[in-house]
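Here's a protein to get to know by asking simple things about it. Have a look, then work through the questions with me.

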Amino acid sequence: MLSQKTRYAIRAMQHLADCYGKGPVQLADIAEAQKIPPKFLTVILSELSRSGLVASQRGKDGGYWLGVSPIDISYGDLIRIMRGSLALVPCASRYAHETCKNCVEEENCRTRALMLQVRDKTANLLDGINLSDVVDADTYLQAAE
């Protein structure tokens, strides 16, 4: 499950993508529009700034903006930055692999084999959608019915 921090980061980045090319967006505007506590948003935007996805400027005319084009930021990248991995279990992580405690040997673990498939399908989906893509809940829900 995605943490609240990761969900806030996604909403903040979607907001910045919607404002891309229009200049800096003030933190208070993002926080209000996306219903994110301002202090928490400061921490999130600082972390995203260190990764290079967000740029900022202090002062009266300052604010935040995307450091790269929205077409170059996939949801997979964003979740990896905030969460560290797309895997649901540590032994299925590509970049933060850890052997599970109290488990059978990895090569014999059917749960790991399943979770590797889940990780790969999730990565393919999330890496194929970027912040410039329109993700419309109504369209998706209608298609799923």
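Q: In what order do the elements of the protein chain run from the N terminus on?
A: Keep in mind that you're looking at a predicted model. The protein chain has 6 helices and 2 strands. Read from the N terminus on, the order is α-α-α-β-β-α-α-α.

Q: What does the C-alpha trace of the protein chain span along its principal axes?
A: The protein chain has 145 residues, and 34% of them count as buried. Its accessible surface comes to about 9,400 Å², with 52% of that belonging to carbon and sulfur atoms. As for the span of the C-alpha trace along the principal axes, that's about 60 × 35 × 25 Å.

Q: How are the rings of Tyr-8 and Phe-40 arranged as a pair?
A: The count comes to 1 aromatic pair. The ring centres of Tyr-8 and Phe-40 lie 5.5 Å apart, and a pair needs centres within 6.5 Å. Their planes sit at 80°, and anything over 60 degrees counts that way, so this pair is edge-to-face.

Q: How many residues apart are Tyr-8 and Phe-40?
A: Tyr-8 belongs to helix α1 (residues 4-18), while Phe-40 belongs to helix α3 (residues 38-50). The pair therefore ties together distant parts of the chain, with a gap of 32 residues.

Q: Is Tyr-8 buried or exposed?
A: Its ring partner Phe-40 has 30% relative accessibility, so Phe-40 counts as partly exposed. For Tyr-8 the value is 12%. The cut-off is under 20%, so Tyr-8 is buried.

Q: Which residue forms a salt bridge with Arg-80?
A: A search of the whole structure turns up 6 salt bridges. In the one we're after, the closest N and O atoms are 3.6 Å apart. Both residues lie in helix α4 (residues 75-83), 3 residues apart, which is about one turn of the helix. The partner of Arg-80 is Asp-77.

Q: Is Asp-77 buried, exposed or partly exposed?
A: Arg-80 has a relative accessible area of 18%, so it's buried. Asp-77 comes in at 35% relative accessibility. That falls between the 20% and 50% cut-offs, so Asp-77 is partly exposed.

Q: How far apart are the closest N and O atoms of Arg-112 and Glu-106?
A: Arg-112 is buried, with a relative accessible area of 19%. It forms a salt bridge with Glu-106, and the cut-off for that is 4 Å. The closest N and O atoms are 3.6 Å apart.

Q: Which residues are joined into one network by salt bridges that share partners?
A: Let's start with another salt bridge, the one between Asp-120 and Arg-119, where the closest N and O atoms are 2.7 Å apart. Asp-120 is partly exposed at 28%, whereas Arg-119 is buried at 12%. The residues joined into one network through shared partners are Asp-77, Arg-80 and Asp-127.

Q: Is Lys-35 buried or exposed?
A: Lys-35 has a positive phi of about 55°, even though it isn't a glycine. You'll find Lys-35 in the loop between α2 (27-34) and α3. Its relative accessible area is 67%, and the cut-off is over 50%, so Lys-35 is exposed.

Q: What is the relative accessibility of Asn-102?
A: Asn-102 is a residue other than glycine with a positive phi, near 55°. Asn-102 lies in the loop between α4 and α5 (110-127). It counts as exposed, and its relative accessibility is 85%.

Note on methods:
Residues numbered from 1 in each chain as written. Predicted model: local features only at pLDDT ≥ 70, side-chain atom pairs only at ≥ 80, totals over all residues. Heavy atoms only, no water. Phe/Tyr/Trp six-rings, centres within 6.5 Å; stacked < 30°, edge-to-face > 60°. Helix = DSSP H or I, 4+ residues; strand = E, 2+ residues; numbered from the N terminus. Buried < 20%, exposed > 50% of the residue type's maximum accessible area, 1.4 Å probe, protein only. Salt bridge = Lys/Arg side-chain N within 4 Å of Asp/Glu carboxyl O. Areas by Shrake-Rupley, 256 points an atom, 1.4 Å probe, with all protein chains shown as cover.
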